[in-house]
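Please open the model in a viewer and keep the sequence panel visible. The tour below proceeds by selection, with a short account of what is found at each stop.

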Amino acid sequence: MKRILLLFVATFLSACAPPPDPAGITFVHLNDTYRVGAVEDGNAGGFSRVVTLVRELQDEGRDVRILHGGDFLYPSLESQLWNGLQIVDAFNFMDAVAPLYAVSGNHEFDRRGPEQLIAAVRASEFDWLGDNYTFRTGAADVDEALNRAFTFEAAGRKVGVFALLLHPDDGGNERDYLAYDDDYLVVAEDTIKALEAKGVDLVIGVTHLHMWQDVELAKLKAKYPKLAFIVGGHEHEPEHSPGSDTAAVVVKGASNARIVWAIDVDFDEAEPVRISERKVVLDRSVAFDPEYEVLADKWRARLLEKFPFLEARVGTAAVPMDSREVTVRNKESNWGNFIADQMRGAFRDGTADLAFINGGTLRIDDFIEGDILFEDIGRTFGFSSYLRKTTLTGGEFRTVLEAGYRGAGPSKGYFPQVSGFRVCVDRNRDSGDRIVSLQVPLEEGWQEIVADKEYSLVVPDYLYRGGDGYDVPKERPATPPGSELKYLVLDGILAAQAKGEQIGAPVDPTNPRFEQLSEDNERCFDN
Ligand SMILES: [Zn+2]
C-alpha cells in the first residue's frame, strides 16, 4: 500500500512537475554586437538566435547566464540616432530571459561627453561590470551603477566576477567621464581576493582586452584555482585558449553573435567544478525567437520612420561585395577595394598614388548583392570618417603599413584595405618586418616601391592621427580633414548609376592587392 502510494506520488509529481532543478550553470557568452537584428542578410548571428539558444538550454534544466564582453552601444547606423539605446532595449529583453552581465568595451565611450552614457546606463536593466575603471559622469546614480567585485547566485552557487576594460594605452578611449586603474594583473588579483573573501564558489573574468592579455591573466588560475574561465571581447572572430591546472579557459565569440560560446559549469561532491566550453554557430539552423522579433520589428519601423529613404536603391553591384567582418579584417575585400579606390580621388588636385583604410571602419558585416541600397552605405560607415591627403616616401610608407600586419590571430580591425599598390606579407616573420614586397603599378607591370621617392597618400583622419597603431609621418604638409568617406562612396556609386554602369569587381586571385605567404604559396606575386 505504502509502495503504491509512493509510486502514485512519484508519477503525479513527474506528470505535473516544473522543470527539474537546474543541474548546473551554462554561461552563454557574446561580445562585440552592434545590430538589433541578424547579419549576412539575416542568415547569421543576432540576439534573436541567442534568445532561442538560451531558452533551449533552460528547457534542458540549465541555469543560464548571459555574459557580454563589451562593445555594443556604438558604432552603428542606429547608434547615430539613438546612441545605443536600441541595444540597451535588446539587452533588457535578454536580461529578462536570463540575467545578463556586461563589461564596457572601448566603444561604449565613443561619445566625447557623458550624456549618452548616462542615458544608456539609466535605461539598463542588466548589470554593468567594471573593476579597473570607474564612471565619473557626475550623475551619482550612474557612477554607482557600475558593479565592482560583482557576485551573483546561480544553480545554488555563488559566482564572483572580475571585469576589465582596455586601457587607453592599449587602444581604449580616454574620456573626462572615465577613470582607469592601469595594471590589469594587480586589479584582477585584488578583485579575486575580494571575491574569495565574500565566499564565492567560483570566479570568472569578463573582459574587453587583447587576447594575449587575457591569456596572461588566465595564468592566475595557478594561484587561484577557483578561477574557472575568462570570456573576452574586442577581437571579432572566435578565440580559444584551452584550460589546464595552471591556466583558465579563455574564449571570445564572433562579432554580432555569429558565433557564441556556451560554457557549462557543473558541480558535484567529488569534483566541485567541471567546466566544458563549446562554440555555437548561430546560423540559419537556429530559429528566431518570435517574442524578440517583435522588438526587432519595432526598431526597424523606427529606423524607417527616421530614414524613409533607407531602402532606396542607389546603384547596382556587378558582383556580390563581400563586406563581412571576417573578410574586411583579414584579407582583400572587393567592397574594401572599391572604397579605397574612391579614396584616392577624394581631393581635387589629382588622384593620389596610394590609399588605405582600416577594415574596422567598415561595419556592415554583410554581403552587398545586386541592388545597392542607401542602407548599405549607412551601415558600412557606422561613424563619420573624414579623409586627409599627405605625402611620404616609399620607405616611410612601408614602415607605416607594417602596422597593418602585426600581431597574431584572426580579425584585426587595423587590417588595411588598399588601393594604388599591392603588398605581400609573411606572417611567420616578426611584427614590424613582415612586408616581403610592396609594389606600385607602372604603365605596364609593377615595381617595388622606391624608398626615397615621394608618394601622395589618402587615409582617414583617424589613421593620420595615429589610430590603430599607424604612425603616419607629420613633417610634410597635409590637408585638413576633408571629404567625408560615406558621401564620397555614395557619390562614386551614383556617378556609375548615372552612366548606367554597375560597380565592383571580384577579387582577382591572379592579381591580388594582398597576398600572404604560406607553405603552398612561397613566392610573392606570379606576375
Ligand atoms: Zn573593442
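**The zinc site**

Begin with the zinc ion of this predicted model, whose donor residues follow the spacing D-x34-N-x101-H-x25-H along the sequence. Select Asp71, Asn106, His208 and His234: the ion is coordinated by OD of Asp71, OD1 of Asn106, NE2 of His208 and ND1 of His234, at 2.0 to 2.2 Å. If the viewer reports angles, display those between the donor atoms. The four donors subtend angles of 83 to 152° at the zinc ion, and the arrangement is therefore irregular. For four donors to count as tetrahedral, all angles would have to lie between 85 and 135 degrees.

Next, select Asn106 together with His208. Asparagine 106 belongs to the loop between β3 (100-103) and α5 (115-123), whereas histidine 208 is in strand β9 (residues 202-208); the pair is 102 residues apart and links distant parts of the chain. Asparagine 106 is buried, at 8% relative accessible area, and histidine 208 is buried as well, at 0%.

Are the surroundings of histidine 234 buried, or is this residue partly exposed? Histidine 234 is partly exposed, with a relative accessible area of 22%. This donor lies in the loop between β10 (227-232) and β11 (239-241). Its phi is positive, about 85°, although the residue is not a glycine.

**Glycine 105**

Move to glycine 105, which is placed in the loop between β3 and α5. Glycine 105 counts as buried, at 0% relative accessibility. Beyond residues up to four places away in sequence, glycine 105 touches Gly70, Asp71, Leu165 and His208; Asp71 and His208 are among the residues that coordinate zinc. For a distance across the model, select aspartate 201: its C-alpha atom is separated by 27 Å from that of glycine 105, and the two residues are 96 residues apart along the chain.

**Two backbone features**

Select tyrosine 74 and proline 75 and inspect the bond between them. This peptide bond is cis, with omega near -15°. Proline 75 lies in the loop between β2 (63-68) and α3 (79-82).

Then select alanine 155, in the loop between β6 (150-154) and β7 (157-165). Its phi is near 50°, a positive value in a residue other than glycine. Alanine 155 counts as partly exposed, at 22% relative accessibility.

**The nonpolar cores**

In soluble globular proteins, nonpolar side chains tend to be buried together. Which residues touch the most other members of the largest nonpolar core? Select Phe27, Phe135, Ile204, Phe229 and Trp335, which do so within a core of 128 residues. Helix α4 (residues 85-97) supplies the largest share of this core, seven residues.

Centre the view on isoleucine 204. Leaving aside residues up to four places away in sequence, isoleucine 204 touches Phe27, Leu67, Val159, Gly160, Val161, Phe162, Leu227, Ala228 and Phe229.

A second, separate core of 26 residues includes Leu354, Val400, Phe415 and Val440. Val400 leads to the next selection, helix α13 (residues 394-402), in which Gly394, Phe397, Val400, Leu401 and Glu402 are buried. The buried residues of α13 pack against several strands: β17 (354-358), β20 (387-393), β21 (416-419), β22 (422-425), β23 (435-441) and β25 (454-460).

**The second largest pocket**

Select Arg35, Ala38, Asp41, Asp366 and Glu375, which lie nearest the centre of the second largest pocket among its 28 lining residues. The pocket holds about 720 Å³ of space. Two or more lining residues come from each of α9 (290-306), β18 (366-368), β19 (371-373) and α12 (374-380). The largest share, six residues, is contributed by α9.

**Final stops**

Select histidine 240 in strand β11, a partly exposed residue with a relative accessible area of 39%. Apart from residues up to four places away in sequence, histidine 240 touches Met211, Val249, Val250, Val251, Trp261 and Glu277. Valine 215 is 25 residues from histidine 240 in sequence and 9.5 Å from it in space, C-alpha to C-alpha.

Finish at glutamate 443, in the loop between β23 and β24 (446-448). Glutamate 443 counts as exposed, at 88% relative accessibility. Alanine 478 is 35 residues away from glutamate 443 in sequence, and their C-alpha atoms are 27 Å apart.

Note on methods: Residues are numbered from 1 along each chain as its sequence is written. This is a predicted model: local features need pLDDT of at least 70, side-chain atom pairs count only at pLDDT 80 or more; totals for chains, interfaces and linings use all residues. Side-chain values use heavy atoms; hydrogens and water are left out. A nonpolar core is a set of buried Ala, Val, Leu, Ile, Met, Phe, Trp, Tyr and Cys residues joined through side-chain atoms within 4.5 Å. Buried means under 20% relative accessible area, exposed over 50%, partly exposed in between (1.4 Å probe, protein chains only). Helices (H or I, at least four residues) and strands (E, at least two) are DSSP runs, numbered from the N terminus. Contact means heavy atoms within 4.5 Å. Donors are N, O and S atoms within 2.8 Å of the metal (3.2 Å for Na, K and Ca); water is not among the atoms, so sites may look incomplete. Four donors count as tetrahedral if all angles lie between 85 and 135 degrees; four count as square planar and six as octahedral if opposite donors are over 155 degrees apart and all others between 65 and 115; anything else is irregular. On a 1 Å grid over the protein atoms alone, a cavity is a set of points where a 1.4 Å probe fits but cannot get out, and a pocket is an open set with protein on both sides within 12 Å along at least five of seven lines; lining residues have an atom within 4 Å of a point. Grid points are joined across faces, edges and corners, and a volume is the space filled by probe spheres set on the points.
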